[in-house]
Amino acid sequence: MRKIVGKIETNSKSIISLTLGILSIIVPLIGLVLGILGVVLSRIATKEISKRNENGRGLAISGLICNVIGIIIQTFAVLSIIAFYSLTSISSIAGSYLLTGALAY
């Protein structure tokens, strides 16, 4: 005898989490916010999957991994932009002092 089993649905939050994880890697600067949202959604999705016995655990885990990688990449990007502008502004200020003779004796 065959046992008829109902169709188990895939958790939609796990799909959204994976999508946000991919976007957090690709989209510059906004990807940091998308990554944080994706981490929250993937944690919610894993809890819902275990409670409701749904599919999508792999999607939620891969979404979490992609989101963490995206957050790391975007954090380095933001820090490098801040470092670039702070270093170029310091060198331009020092250069203007040298050109005007403010530091000359």
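## A residue to start from

Ile26 sits in helix H1. A helix here is a DSSP run of H or I with at least four residues, while a strand is a run of E with at least two, and both are numbered from the N terminus. With a relative accessibility of 59%, Ile26 counts as exposed. Three words describe how open a residue is: buried means under 20% relative accessible area, exposed means over 50%, and partly exposed lies in between (1.4 Å probe, protein chains only).

Before going further, keep in mind that this is a predicted model, where local features need pLDDT of at least 70, side-chain atom pairs count only at pLDDT 80 or more, and totals for chains, interfaces and linings use all residues. Residues are numbered from 1 along each chain as its sequence is written, and side-chain values use heavy atoms, leaving out hydrogens and water.

## A nonpolar patch on the surface

Ile26 has company: together with Ile22, Ile25, Ile61, Ile65, Ile69 and Ile73 it forms a nonpolar patch on the surface, with about 590 Å² of accessible area in total. Helix H1 (12-26) and helix H3 (57-100) are the elements that each give two or more residues to this patch. The largest share, 4 residues, comes from H3.

How is a patch defined? Its residues have over 30% relative accessible area and no salt bridge; like charges are joined within 9 Å, and nonpolar side chains (Val, Leu, Ile, Met, Phe, Trp, Tyr) within 5 Å. The areas come from the Shrake-Rupley method with a 1.4 Å probe, and for residues only the protein chains shown count as cover.

## The two sides of helix H2

Now look at helix H2, residues 31-52. Its 22 residues reach 30 Å from the first C-alpha to the last, close to the 32 Å expected at 1.5 Å a residue; the expected span is 1.5 Å times one less than the number of residues.

The buried residues of H2 are Gly31, Leu34, Gly35, Gly38, Leu41, Ser42, Ala45, Thr46, Glu48 and Ile49. They lie on the same side of H2 because they cover an arc of only 165° around the axis, an arc taken from the directions from the helix axis to the C-beta atoms. On the face turned away from this buried side you will find the exposed residues Val33, Lys47 and Lys51. Just after H2, Asn53 takes a positive phi of about 55°.

## Salt bridges around Glu48

Side chains of opposite charge can pair when their charged atoms come close. A salt bridge is a side-chain nitrogen of Lys or Arg within 4 Å of a carboxyl oxygen of Asp or Glu, and this structure holds 2 of them. In one, Lys13 and Glu48 meet at 2.7 Å, N to O. This pair links distant parts of the chain, with Lys13 in helix H1 and Glu48 in helix H2, 35 residues apart.

Glu48 also forms a salt bridge with Arg52, with the closest N and O atoms 3.8 Å apart. Both of these residues lie in H2, 4 residues apart, about one turn of the helix. Lys13, Glu48 and Arg52 are thus linked in a network. Are its members buried or exposed? Glu48 counts as buried at 14% relative accessibility, Lys13 as partly exposed at 28%, and Arg52 as exposed at 53%.
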